[in-house]
Amino acid sequence: MLWRDILQVFMTPERLDYRIMPPVGLSPRDVGSLACAPLRPGTPLWQASGAALAELIDRHCNASPRVDVYLSDRFVRYRILDWQPGIVTRAEWRAYAEHAFREVHGEAARSWQMLVDIMPPGRPSLACAVEADLIVALKKIAEKRLARLAELRPNFVRLFNRHNFSSGRPAPLWFGVAEPGHVCLGVKRDKSWLALRNEPAPDGWLAALPGMIRRMRASHDIPGAGESLHLCLCGGGASGSVPAEVEGLAVHAAETGFQRRRMAAVAASRG
Amino acid sequence: MDPMNFVAPARRFSPVSWLLLAVGVAAGAILADRYLAAEETRAGLAFEAERLERQLRPAAVAAGAAVQKSAPAGRPAQQTFPWDDVLREIELATDRRVALLALDTEAAAGRTRLEAEARSIEDALDFAERLRASPLVDRSFLLAHEIRESPAGPVTGFSLQVEWNPA
């Protein structure tokens, strides 16, 4: 189909933030948020959000849309892989990533699908993994509705690319994505990821951030004050004012796309 | 940084892509049409040039034969008769409406008899008129003409006598 609506979804286990873009034009046709059914014990984390996505396509989309899904980092695992001189081919990189994830997460990692952002020799590469069942389930949901699942990307990676930071800067660049009860925080220097932590934050992202920063600095010998942290707040529960400084880092709130458009839509609906 | 897309990127054809494809196809079709038209014109011109060349060749051969017949080698008439100029005048006066069949020159008398075919008597008279306009020609007049049938339709066969001006 030539003219498809574009359904963009930020998927978390509890809710879907979405916007529906027409094939032509920049203003969304519909913007909203859909709560998922409560998680039942023993079911995969993505089960309820998959069902909500099916409902979203059925109820809100015309015909067969193109679907772009941005996965909450709660569905994603990250590892930074040190450069190894003997690893060259894509198959070798895949095996290396599988081994690295199994080291941390055990046999569960066998059922994950992995991608590696392979860097030039001498620099570490970022790998991320998602449950293969989640990918299969979302593809089936889209296929059944004649929709096309065009993108399935981790939210941290999407937002980092969206802000198009100058990656060659010599000073460390801190970038974080905070969701309700979860924080993904990375630090990059000279086009290389130094450290990345993707952790639950049961007491909220604001309480979790200082400890994460201290641990990352200590374990990777990252210098102290003087740098900035660009922080994206995602999901309804992560709203709140951003502090001016955390652990010596000047904090800048970075927009997520969904947030800005939702606010604009809400403002417009209120007249 | 790599987009890390977990679904294989499918081929994307946006409306702009389709539009560009359509424009490309249309431009290609126009160019092909123009090329074919130009090729057709070129082939027509080549054919016409070949035909004219073929028409002139027997005239030149006949002229050579006439020289041999009327003035054997070494005779003064052959040396003084301006063959090149005469043949050039005949060639310049001949166009696509006239086909030369035979050419008989009496160099000593300074005259040439042409056997030719034209599409109509007007074309034959035009041909005689063009010859007459040449400074090399003293007189040019029609000796005879007749309508003949040919595979391409009726043609006018005619005999023309040209008297050259030696000055």
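Just after helix H4 of chain A, Asn164(A) takes a positive phi of about 50°. Keep in mind that this value, like everything that follows, comes from a predicted model. The helix just before that residue, H4(A), covers residues 155-163. Its buried residues are Asn155(A), Phe156(A), Val157(A), Arg158(A), Leu159(A) and Phe160(A). Notice that Arg158(A) is on that buried list.

Now step back and take in chain A as a whole. It has six helices and 14 strands, and buried residues make up 41% of its 271 residues. What about contacts between residues that are far apart in sequence? Of the contacts in chain A between residues at least 6 apart, 56% join residues at least 24 apart.

A good next stop in chain A is helix H1, which runs over residues 47-60. With 14 residues, H1(A) reaches 20 Å from its first C-alpha to its last, close to the 20 Å expected at 1.5 Å a residue. Which residues of H1(A) are buried? They are Ala48(A), Ser49(A), Ala52(A), Leu53(A), Leu56(A) and Ile57(A). There's a general point to bear in mind while you look at such a list: an α-helix has 3.6 residues a turn, so residues three or four places apart point the same way. As for what these side chains meet, the buried residues of H1(A) pack against strands E1 (6-11), E2 (15-21) and E3 (30-35), and against helix H3 of chain A as well.

Strand E1 of chain A is also where you'll find Ile6(A). Is Ile6(A) buried or partly exposed? There are 19 other C-beta atoms within 10 Å of Ile6(A), and a residue needs 20 or more to be buried, so Ile6(A) counts as partly exposed. Setting aside neighbours within four places in sequence, Ile6(A) is in contact with Met21(A), Pro65(A), Arg66(A) and Asp68(A). Have a look at Pro23(A) too: this proline is 17 residues away from Ile6(A) along the chain, and the two C-alpha atoms are separated by 6.7 Å.

Let's move on to a sheet in chain A. Three strands form an open sheet in the order E5-E7-E6, and the pairing is antiparallel. Strands E5 (76-81) and E6 (112-117) of chain A stand at the edges with a single partner strand each, so one side of each has no neighbour in the sheet. The twist from one strand to the next averages 20°. If you'd like to follow one pairing by eye, try E5(A) with E7(A), residues 125-131, where the antiparallel match runs over six bridges. One place to look is Tyr78(A), whose bridge partner in E7(A) is Cys128(A). Helix H3 of chain A, residues 132-144, lies across E6 and E7 of chain A and runs at about 65° to E7(A). H3(A) is the helix we met earlier, as one of the elements that the buried residues of H1(A) pack against.

Over to chain B. Its secondary structure comes to four helices and four strands, and from the N terminus on, the elements run α-α-α-β-β-α-β-β. Of the 167 residues of chain B, 17% count as buried. Among its contacts with a separation of 6 or more, 62% are between residues 24 or more positions apart.

The strands of chain B give an open sheet of four, ordered E1-E2-E4-E3, with antiparallel pairing. Here E1 (98-106) and E3 of chain B stand at the edges, and because each has a single partner strand, one side of each is left without a neighbour in the sheet. Neighbouring strands of this sheet are turned by 15° against each other on average, direction ignored. E1(B) pairs with E2(B), residues 111-118, over eight bridges, and Val98(B) has Ala118(B) as its bridge partner in E2(B). E3(B), residues 137-150, pairs with E4(B), residues 153-164, over twelve bridges. A hairpin through two residues joins E3(B) to E4(B), and in E4(B) the bridge partner of Arg139(B) is Glu163(B). Helix H4 of chain B, residues 121-132, lies across E1, E2, E3 and E4 of chain B, at about 160° to E3(B).

Finally, how many residues of chain B are in contact with chain A? Ten are, and they touch 18 residues of chain A. The chain B side of that contact divides into eight nonpolar residues, one polar and one charged.

Conventions. Residues are numbered from 1 along each chain as its sequence is written. Chains are lettered from A and ligands numbered from 1 in the order in which they are written. This is a predicted model: local features need pLDDT of at least 70, side-chain atom pairs count only at pLDDT 80 or more; totals for chains, interfaces and linings use all residues. Two residues are in contact if their C-beta atoms, placed from the backbone, lie within 7 Å. Ala, Val, Leu, Ile, Met, Phe, Trp, Tyr, Cys and Pro count as nonpolar, Asp, Glu, Lys and Arg as charged, and the others, Gly among them, as polar. A residue is buried if 20 or more other C-beta atoms lie within 10 Å of its own, exposed if 12 or fewer, and partly exposed in between; C-beta atoms are placed from the backbone. Two strands pair if DSSP finds at least two bridges between them. Axes are lines fitted to C-alpha atoms, for helices over the stretch in contact, and angles run from 0 to 180 degrees between N-to-C directions. The expected span of a helix is 1.5 Å times one less than its number of residues.
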